[in-house]
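Colleague: I'd like a close look at one part of this model: the places where its pieces press against each other. Could you walk me through them in one go?

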Protein chains: 4
Amino acid sequence: MSPAQPPALGVGLVGYSFMGRAHSQAWRSVGAFFDLPRRPAMVAVAGRSGPDVARAAEQLGWAEAVTDVKELLVRDDIHVLDICTPGDSHAELAVAALEAGKHVLCEKPLANTVAEAEAMAAAAERAAARGVRSMVGFNYRRVPAIALARRLVADGRLGRIRHIRAQYLQDWITDPLFPLVWRLQKERAGSGALGDIGAHIIDLAQFVGGSRITGVSAVTETFVKERPLAGSSDGLAPGASSGGTGPVTVDDAALFTARTAAGALASFEATRFAAGRKNALRIELNGSDGSLAFDFESMNDLWFHDHTESARTAGFRRILVTEPDHPYAGAWWPPGHLLGYEHSFTHEIHDFVQAIGDGSDPAPSFADGLQVQRVLAAVEASACDDSRWTPVG
Amino acid sequence: MSPAQPPALGVGLVGYSFMGRAHSQAWRSVGAFFDLPRRPAMVAVAGRSGPDVARAAEQLGWAEAVTDVKELLVRDDIHVLDICTPGDSHAELAVAALEAGKHVLCEKPLANTVAEAEAMAAAAERAAARGVRSMVGFNYRRVPAIALARRLVADGRLGRIRHIRAQYLQDWITDPLFPLVWRLQKERAGSGALGDIGAHIIDLAQFVGGSRITGVSAVTETFVKERPLAGSSDGLAPGASSGGTGPVTVDDAALFTARTAAGALASFEATRFAAGRKNALRIELNGSDGSLAFDFESMNDLWFHDHTESARTAGFRRILVTEPDHPYAGAWWPPGHLLGYEHSFTHEIHDFVQAIGDGSDPAPSFADGLQVQRVLAAVEASACDDSRWTPVG
Amino acid sequence: MSPAQPPALGVGLVGYSFMGRAHSQAWRSVGAFFDLPRRPAMVAVAGRSGPDVARAAEQLGWAEAVTDVKELLVRDDIHVLDICTPGDSHAELAVAALEAGKHVLCEKPLANTVAEAEAMAAAAERAAARGVRSMVGFNYRRVPAIALARRLVADGRLGRIRHIRAQYLQDWITDPLFPLVWRLQKERAGSGALGDIGAHIIDLAQFVGGSRITGVSAVTETFVKERPLAGSSDGLAPGASSGGTGPVTVDDAALFTARTAAGALASFEATRFAAGRKNALRIELNGSDGSLAFDFESMNDLWFHDHTESARTAGFRRILVTEPDHPYAGAWWPPGHLLGYEHSFTHEIHDFVQAIGDGSDPAPSFADGLQVQRVLAAVEASACDDSRWTPVG
Amino acid sequence: MSPAQPPALGVGLVGYSFMGRAHSQAWRSVGAFFDLPRRPAMVAVAGRSGPDVARAAEQLGWAEAVTDVKELLVRDDIHVLDICTPGDSHAELAVAALEAGKHVLCEKPLANTVAEAEAMAAAAERAAARGVRSMVGFNYRRVPAIALARRLVADGRLGRIRHIRAQYLQDWITDPLFPLVWRLQKERAGSGALGDIGAHIIDLAQFVGGSRITGVSAVTETFVKERPLAGSSDGLAPGASSGGTGPVTVDDAALFTARTAAGALASFEATRFAAGRKNALRIELNGSDGSLAFDFESMNDLWFHDHTESARTAGFRRILVTEPDHPYAGAWWPPGHLLGYEHSFTHEIHDFVQAIGDGSDPAPSFADGLQVQRVLAAVEASACDDSRWTPVG
């Protein structure tokens with residue numbers, strides 16, 4: 001081991017389903033492509049079921065498996081808690097970890113309620129004063145095309161932004177026989193399409209556009225109100241039905257209009273009923289000097305229109321965001337060699353580790369996550385109040 | 001002249017600007033591509049300025065030019081009045097023509113107010129009882145891809161429709177120095193983006209989806225509130241400024257959510273501030289069994305996803321709507337030889353003349369136009385009432 | 001009729017099938033959208049079958065129908081002969097017309113053999129000395145996106161051109177039961193995909209790239225060697241089979257590589273067996289400073305990459321070629337309102353009439369058509385000689 | 001460690017530049033996503049420079065670094081040699097490893113000459129008889145969209161294949177000041193665009209189409225004949241110039257037509273001068289019953305046209321190849337969550353390890369690599385012989 005080797009950063013993971021697998025791949029890969037101020041060590045993964053978590057540890061590359069997450073909070077060789085469980089457990093875990101002096105990376109949505117999110121943001125602020133860092137996992141900010149979009153807006157290439165339209169379209173529950181998994185239950189998931197995927201486009205619209213949402217008018221709908229009971233706890237694959245049915249207690253779709261502090265009109269749609277759209281996170285921004293468009297189903301492309309150019313040759317150009325001077329892209333492969341979904345997590349973890357090393361606060365912070373939570377709450381309030389315009393708290 | 005020649009159908013046109021030119025090209029072309037029960041004769045065009053209307057007649061192929069539109073209503077050789085003037089003149093002209101026994105083709109929006117539209121619909125109903133036909137010019141229904149979309153929905157290929165998202169995006173007034181043309185003045189145009197282009201997507205969403213909008217929640221915005229005075233009456237080209245500025249009295253953009261009678265959630269956006277989008281009339285429908293997507297900027301394409309197919313080979317397919325068994329397309333060129341904007345008018349006029357010949361009522365009727373007007377009114381009412389959900393009258 | 005009215009330009013048409021219909025629509029429409037130095041008058045159409053040509057005249061808007069094309073050559077009220085017949089009749093008709101002092105617009109390919117084309121080019125040169133004009137109908141040059149492509153190349157926006165790849169893909173004879181129409185018979189059509197659609201991409205590659213092809217290496221293939229006999233003479237629709245089969249005497253597909261005088265490498269493919277490609281005339285050019293790409297199935301789009309730009313924002317941009325300062329487009333509709341296939345003929349006829357009025361020689365000339373014919377001949381020679389490199393004569 | 005744990009498969013890597021990094025990421029990731037019959041152990045990496053290889057080992061996750069590759073061949077804990085060096089070293093390394101009883105994964109092109117490739121294929125055949133496996137790294141076969149394309153062809157969905165058109169377009173040496181890296185020197189690289197990227201499309205055309213190339217007619221070109229000398233040995237990044245210039249001894253571009261044993265016509269183009277195309281590996285196949293199209297710059301998409309469908313709804317559909325029943329995709333993320341370039345290597349290594357575990361011969365074999373080498377040789381021979389048709393040896 002060379003003398004110049006950076007000090008280890010011990011990581012404990014809780015949750016090893018979809019998000020846990022994605023984070024594990026990121027922790028495992030980040031050091032091979034990025035220079036880091038701390039060397040990630042995949043110390044332990046926690047889960048309730050002993051055999052399951054042992055299998056996950058081996059498969060995903062964690063040195064140990066534990067069945068009590070609290071163990072992760074007391075060990076000296078663990079400096080980071082990475083929270084990949086459903087939203088109902090975030091607040092308790094994150095606050096405890098921060099108080100135990102662990103840096104926390106917490107999946108989105110930050111929490112299931114504004115109150116929980118407020119407690120988390122307060123804990124994060126207290127922790128930051130002691131040099132303990134926290135970050136919420138809006139991973140799509142780290143897709144290179146989105147990061148480039150943000151920089152073009154920040155550089156003023158769009159001028160004054162007039163319109164934002166954001167959609168997150170999926171179709172995995174269009175079949176009424178798809179079972180009642182945890183993501184369709186309010187007590188576990190908090191909300192449905194709104195909190196799961198709507199949270200992402202709220203964060204992106206504010207991040208890329210550079211201005212916060214100040215008010216909303218919303219409608220939500222649950223198209224299929226009763227579904228077969230699921231045997232499985234997995235949010236995305238149908239489990240074995242246990243014979244009966246149960247009520248869907250979250251929204252299937254949420255649509256809302258919004259205004260930003262900077263005066264843009266925005267529209268949002270999150271749905272799991274858009275047949276044929278698999279993971280179509282789309283955002284378009286129109287400004288006085290240019291426009292941008294993105295669709296995650298072609299995630300390496302950013303479409304940019306420069307409205308200051310001559311109309312003779314102006315048009316939306318497809319920027320293939322794989323060039324050395326594009327965000328994150330230079331660390332990987334030559335131009336034109338595409339990146340995938342999981343790379344967004346690798347970049348997220350890179351930025352998190354970098355902030356820990358730098359002693360700076362990473363973004364998006366828990367305060368940012370709280371603000372998204374407030375937008376979600378305003379959407380739900382407006383939808384319950386005849387779509388009336390509802391300021392963001 | 002062969003004995004089998006169908007009887008003439010004399011046409012009088014009022015208005016010879018953008019819409020008048022498009023209608024003229026359609027009247028001039030329709031007989032060369034379609035068999036018709038009546039032979040259109042381009043008898044006369046009416047306009048206020050003698051020299052201008054004479055020049056238009058010669059250029060556009062009308063046999064005569066008149067300066068008093070009333071003349072068209074009393075001539076026996078004129079059977080059809082084609083109204084291509086701004087919305088503030090529609091009601092008076094259409095009602096007078098129908099009462100004079102002339103079939104009427106009236107550009108959209110049907111009128112500037114619900115009250116005017118009601119009077120027109122009533123006049124149309126009375127006229128229909130006497131065999132006099134009327135139709136409102138929602139030309140986009142006759143784009144072959146849209147007509148095919150309607151048929152696929154009617155055939156049940158989409159199953160139960162869950163989502164409609166419709167946008168009409170233009171960018172011709174993003175420049176704050178663009179002058180105050182008539183389309184930006186409420187007394188002439190009725191409303192702004194909402195009535196001009198929003199009316200089209202309202203009609204299309206209802207036509208393609210096959211279900212009426214029952215309620216809306218809306219926001220509107222005028223981004224640029226004062227503009228240079230224009231010398232010209234033309235709605236699309238900047239005229240010579242007369243030195244001062246005046247207030248923009250219509251919306252620059254309108255966004256709204258809606259529900260249809262059949263239970264779909266819908267979103268609408270009409271704007272003239274979407275930099276880089278020139279005439280992006282877009283509509284997407286998601287149903288339980290399939291989805292459709294269309295963008296007028298690629299108007300020969302219809303994208304169709306068949307959700308009943310195996311996921312292994314399913315995906316949005318690009319139907320190039322130029323095949324002999326596509327609506328209207330067989331009358332023109334071999335497959336793959338594209339049609340343009342103006343063809344929608346030729347098809348519209350074909351259907352109108354066919355209905356006259358058949359003695360049937362063409363669609364969209366004035367009653368359909370009135371219903372769109374009611375949606376527009378509900379949008380304006382909601383926008384003025386804190387976006388509160390507003391039933392369509 | 002106003003005193004300023006330009007003098008009439010009497011036109012006689014021969015052939016009223018696919019090309020004849022397209023030319024008729026162009027003659028009928030051109031004056032409504034363009035200012036012209038001569039006023040086209042659709043005097044007469046000629047055809048062999050009296051009843052058929054009479055019906056065509058009425059439908060397509062020609063004042064008279066004649067059964068002897070020679071009649072068109074002796075009438076004083078006819079100044080232009082527009083030749084829309086199959087290639088085997090071009091030479092005789094064109095030479096006779098030019099000698100009779102008629103301007104000639106002749107469909108492509110100019111002729112079925114180099115010898116015929118040489119005679120035509122010589123006749124055209126003699127006629128030009130007497131002020132009689134001639135032009136060959138490579139209509140795709142007049143698609144606005146192609147005309148813009150040419151101008152961008154001429155302006156140096158691509159720098160030194162390294163690569164040209166051109167394809168013309170159709171699929172209308174993939175079915176082996178498609179009958180033996182005239183386009184599949186060497187004595188009528190001269191060659192198959194090569195002369196019919198290959199001629200277009202040869203012309204376009206030279207026109208847009210600005211440099212002539214100097215040599216080729218080719219392969220050709222006839223996949224289906226025997227087909228049902230056709231009752232019809234129409235080249236694109238299957239006629240009633242008369243019971244037997246006959247040999248296909250032309251190529252189904254032709255592929256060749258080429259070099260241009262300016263040092264570019266080029267590849268060409270013309271086929272009628274590309275299932276799903278209806279009229280995919282595609283061309284891409286790569287130069288030291290930029291690239292262009294076009295596909296006729298999206299004919300209003302030109303894709304342009306500016307290689308001198310920063311890689312951070314560079315990419316192929318979609319220019320929607322409907323702006324006032326794009327070639328031809330300003331004469332039609334506002335931006336974003338698309339044009340179709342037939343408009344290329346309207347533009348072609350505009351340029352032809354303009355040249356007649358100006359007293360200048362229109363392009364592409366018969367000499368240009370002869371040069372394309374020489375490339376076609378070199379392709380056939382190479383394909384018969386083991387693909388050996390063959391200079392263009 | 002659980003008792004069910006599969007036995008270790010020790011791996012030694014030689015070369016740690018572009019390909020070595022990609023293979024390392026694959027070895028590091030494969031076990032987390034796929035069940036494997038052997039557990040890969042990243043034992044050692046070999047390189048000439050001690051400090052460099054030590055740094056690479058640490059960064060890329062190899063337990064040891066060695067400076068003599070022969071060491072890897074004698075160790076008992078190494079069962080696989082993974083060869084990621086330039087082509088001039090492949091034959092010696094691979095033959096030695098196979099003779100030492102090591103399974104070999106060798107990057108493409110298999111060798112720089114047919115003679116070397118023959119020796120390697122012979123060694124592979126001898127080794128296979130002893131249960132020692134070998135595979136050549138045409139990684140693009142393992143892009144899920146390409147693997148799906150192969151299966152659709154094998155299932156007969158395209159019917160009889162008539163056309164294949166394959167292009168591999170890059171632009172990284174368009175600048176004449178780009179230095180003379182090893183990839184531009186014949187003695188290291190064997191050939192230029194032809195062997196580097198042309199080899200990939202030759203392999204893919206044969207793999208997806210399911211039929212071998214029997215003959216070719218070719219042209220090649222070196223546009224920039226002299227370049228600044230490079231200080232670096234890296235093939236993709238410009239090194240520090242050492243002041244002078246040297247001759248480019250390989251092709252910049254290669255174009256050829258071909259025929260397959262099954263009767264298809266094919267065209268190929270490999271170039272590094274296609275400005276704006278970064279890694280545009282494109283392939284399209286047209287058959288009697290359907291067509292497929294792919295472009296690596298949108299590598300998660302496969303476009304499929306089913307020609308047996310009604311023309312009313314037929315069209316190229318975009319299959320987003322991320323479904324559970326798509327090749328490889330189910331191991332990763334939910335539908336619509338894209339994969340990237342590096343995943344092709346993970347899949348390749350999965351298949352290689354699976355074959356080792358199964359005791360079967362993996363594909364593509366060294367014999368397949370030799371056959372590609374013979375096509376490359378035929379291309380070079382034809383290009384030197386006036387493009388004359390040249391059978392594949």
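Modeller: Sure, and keep in mind that this is a predicted model. Start inside chain A, which is split into domain 1 (8–140) and domain 2 (143–339 + 349–391). Going by C-alpha atoms, the centres of domain 1 of chain A and domain 2 of chain A are 23 Å apart. On the domain 1 side, 36 residues are in contact with 42 residues of domain 2 of chain A. Which elements of domain 1 of chain A give two or more residues to that side? They are α1 (18–33), β5 (103–107), α5 (114–129) and β6 (134–137) of chain A. The largest share comes from α5(A), with seven residues. As for chemistry, this side of domain 1 of chain A has 25 nonpolar residues, six polar ones and five charged ones.

Now for the contact between chains A and B. Each partner is represented there: 31 residues from chain B and 31 residues from chain A. On the chain B side, the elements giving two or more residues are β7 (161–169), β8 (213–221), β11 (253–260), β12 (265–271), β13 (280–287) and β14 (290–295) of chain B. Of these, β12(B) gives the most, with four residues. The class make-up of the chain B side is 10 nonpolar, 15 polar and six charged residues.

How do the two copies sit relative to each other? A turn of 180° with a shift of 0.0 Å along the axis lays chain B on chain A, with an RMSD of 0.0 Å. The two copies are therefore related as by a two-fold rotation axis. If you want a landmark for that axis, use B:Arg388: of the residues of chain B, B:Arg388 comes closest to the rotation axis, with its C-alpha at 2.2 Å. And since 100% of the interface residues of chain B are also interface residues in chain A, the copies meet through the same surface.

One last stop is the packing of buried nonpolar residues. The largest nonpolar core has 525 residues, and those with the most contacts inside it are A:Val45, B:Val45, C:Val45 and D:Val45. Take D:Val45 as the one to zoom in on. Leaving out residues up to four places away in sequence, D:Val45 touches D:Leu13, D:Tyr16, D:Val53, D:Ala56, D:Ala57, D:Leu60, D:Trp62 and D:Ala65.

Notes
Residues are numbered from 1 along each chain as its sequence is written. Chains are lettered from A and ligands numbered from 1 in the order in which they are written. This is a predicted model: local features need pLDDT of at least 70, side-chain atom pairs count only at pLDDT 80 or more; totals for chains, interfaces and linings use all residues. Domain bounds come from an automatic or database domain assignment. Two residues are in contact if their C-beta atoms, placed from the backbone, lie within 7 Å. Ala, Val, Leu, Ile, Met, Phe, Trp, Tyr, Cys and Pro count as nonpolar, Asp, Glu, Lys and Arg as charged, and the others, Gly among them, as polar. A nonpolar core is a set of buried Ala, Val, Leu, Ile, Met, Phe, Trp, Tyr and Cys residues joined through C-beta atoms within 7 Å. A residue is buried if 20 or more other C-beta atoms lie within 10 Å of its own, exposed if 12 or fewer, and partly exposed in between; C-beta atoms are placed from the backbone. Copies are superposed by least squares on the C-alpha atoms of residues with pLDDT of at least 70 in both.
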